[in-house]
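This report describes a structural model, beginning with its confidence and then turning to its packing. Please view the sequence and the structure before reading on.

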Amino acid sequence: MLKLENVSKYLGSFYLRDIFLELPDGYILGIIGENGAGKTTLLRLLAGLYTKDEGIIDIDHMSYEEEAAVKQKIGAVFHGDLFDIRDTLRCNARRYGQFYCDYEDRLMESYMTDFRLNARKRYGQLSKGEKLKFAFAFALSHKPKLLLLDEPAANFDRDFREIFQDILRKYTENGENSVILSTHMTSDIDRAADYLLYLENGRQVMYGDIESIRGNYRMAAGEEYKIRLLKDRVVHLEKGEFGAKALVRNFGRPYDPMLKVWEPSIEELMYHMAKRESGGGMKAGRDSGR
Amino acid sequence: MENGYMESYRRVIRDYFQEFIRVFSMERGRFPALFLVLGTIFMGDIWLERIRMGGIFGNWINGIPILFALVSGALHRVSLPFMMYLVPCSREQRERYIQRMLAVKVTVPMGFGLVCDGLAAWAGAISRYVFVLQMASIFFLSCMCGMLNEGGMVGAEKRKAYGELQPFAAPLLAACNLVGVAMFVICMGSVSRVEFWIVISAMMLFLLPMLVVVGKRWKEIRRNFALYETAVRTGE
């Protein structure tokens with residue numbers, strides 16, 4: 001459904017480069033990385049706000065040569081004032097909903113009710129979280145095939161995050177719709193995402209289905225020297241008061257029975273990847289996908 | 001979606017007038033710019049001798065069409081609202097929208113000026129010289145601001161969308177405001193035949209070339225503002 005091949009974008013002081021990914025229909029891709037890694041840039045490329053400098057972007061077998069047709073299939077949520085701040089939510093929804101063939105006013109009203117948004121309130125009067133909710137409701141109401149969500153959960157309250165996760169699950173259940181979600185909250189990735197893309201300084205460090213990625217690594221804790229015996233399998237080692245903990249690549253010799261070994265969570269994976277030693281750094285590219 | 005709805009004149013005209021309603025939204029940059037323009041006008045008015053003879057604000061009503069053109073120029077930006085870059089429409093559609101919005105941004109103030117000044121001239125309140133000067137300056141103001149104004153002069157030199165005009169955008173916008181203010185003050189009083197020819201010659205000599213230079217680059221500017229990436233790009 002979504003295919004990126006060697007996509008690059010140069011933005012003055014920032015260079016997003018060599019992005020390869022393939023996301024089948026019906027799955028959720030989580031994009032993680034530190035601030036300035038290129039998450040928003042990539043989402044803006046996919047939303048058609050930026051034009052790629054190199055590579056191929058294929059969305060449902062269409063390229064951005066057919067911009068209007070491609071954007072019919074895309075719903076996007078970004079931070080900031082996306083809509084007209086002086087107009088009411090209802091007015092904004094109807095004004096921009098007219099551009100989408102599949103937009104349903106009734107559905108929009110239903111989402112606004114479920115999300116506890118007052119349709120007669122002016123958009124400029126909403127809090128950050130409410131603006132994101134409104135953008136999310138609008139994105140859903142025109143039934144896109146691809147949802148692009150740029151750190152939406154950061155400003156959601158705990159109750160709404162549950163609703164949000166539930167909606168994402170139901171949204172992809174039909175096997176036709178896909179979601180790309182950038183987030184700092186690794187718990188969202190753990191719960192919702194099927195695929196993972198890790199960006200660092202504009203480069204793709206890791207991509208693949210989450211189970212495979214997690215299967216390729218292990219956390220090992222114990223005596224530092226025992227961990228160092230794993231040599232180049234060690235991605236990053238962190239010394240503690242009572243020993244050391246490390247992220248290691250899961251291949252080769254069996255582990256020392258004195259080491260405690262477990263499959264890393266996404267949070268542990270990302271933490272250690274971000275802090276890895278340059279000598280044990282990963283090569284850019286794809287881990288195995290489905 | 002209705003074919004061609006996005007850039008239809010109905011939508012463009014509605015969006016144009018809606019911007020006036022939004023003036024009370026206190027968006028950053030708009031109110032300060034507006035107050036600067038209005039403040040300059042009224043300060044200039046207070047200190048000009050010939051106007052003071054007619055009362056503290058003189059015949060300022062004669063300058064209402066120029067005032068409207070100044071306000072219209074200050075309020076409307078060339079770029080589109082963010083969602084217009086996100087919704088399903090092509091770059092060509094966005095360019096057509098921007099082009100039609102420019103036409104509306106010029107036509108409406110000119111039309112308003114024609115009606116007001118036409119009535120005023122018919123009633124003998126203004127001379128034909130004032131009429132011509134007002135219409136010429138409204139045209140110049142509306143065209144220049146319509147093609148260049150993107151939130152005022154501050155930071156204009158950093159805006160990539162202006163292309164070759166990037167270093168000159170701020171001075172050009174400043175010239176627009178100065179011309180507007182000057183004409184507002186001039187047209188509030190009577191204008192003799194000699195004064196008329198001096199002012200119109202100065203306009204031909206200085207303002208017309210500016211308009212031609214900007215007009216020749218309008219296609220590039222319009223194209224840049226039709227793309228989100230170039231519309232918001234600054235610095236570098």
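In this predicted model, residues 50–57 of chain B keep a pLDDT (the predictor's confidence in each residue, from 0 to 100) under 50. For this stretch the model has 17 contacts (heavy atoms within 4.5 Å) beyond four places in sequence. Where pLDDT is low, the predicted coordinates should not be read in detail.

The table sets out further confidence values for chain B; helices are DSSP runs (H or I, at least four residues), numbered from the N terminus.

| Part of chain B | pLDDT |
|---|---|
| Whole chain B | average 81 |
| Helix α3 (residues 49–52), lowest | mean 49 |
| Helix α10 (residues 218–225), highest | mean 94 |

In chain B, 81% of the residues score at least 70. For the complex, the predictor gives an ipTM of 0.85 and a pTM of 0.83.

Leu172(B) is placed in helix α8 (residues 169–188) of chain B. Leu172(B) counts as buried (under 20% relative accessible area, with a 1.4 Å probe and protein chains only) because its relative accessibility is 10%. Beyond four places in sequence, Leu172(B) touches Met144(B), Leu148(B), Met210(B) and Val214(B). Gly118(B) is 54 residues from Leu172(B) in sequence, and their C-alpha atoms are 29 Å apart.

Residues are numbered from 1 along each chain as its sequence is written, and chains are lettered from A in the order in which they are written. Local features need pLDDT of at least 70, side-chain atom pairs count only at pLDDT 80 or more, and totals for chains, interfaces and linings use all residues; side-chain values use heavy atoms, leaving out hydrogens and water.

Terms used:
Helix = DSSP H or I, 4+ residues; strand = E, 2+ residues; numbered from the N terminus. Buried < 20%, exposed > 50% of the residue type's maximum accessible area, 1.4 Å probe, protein only.
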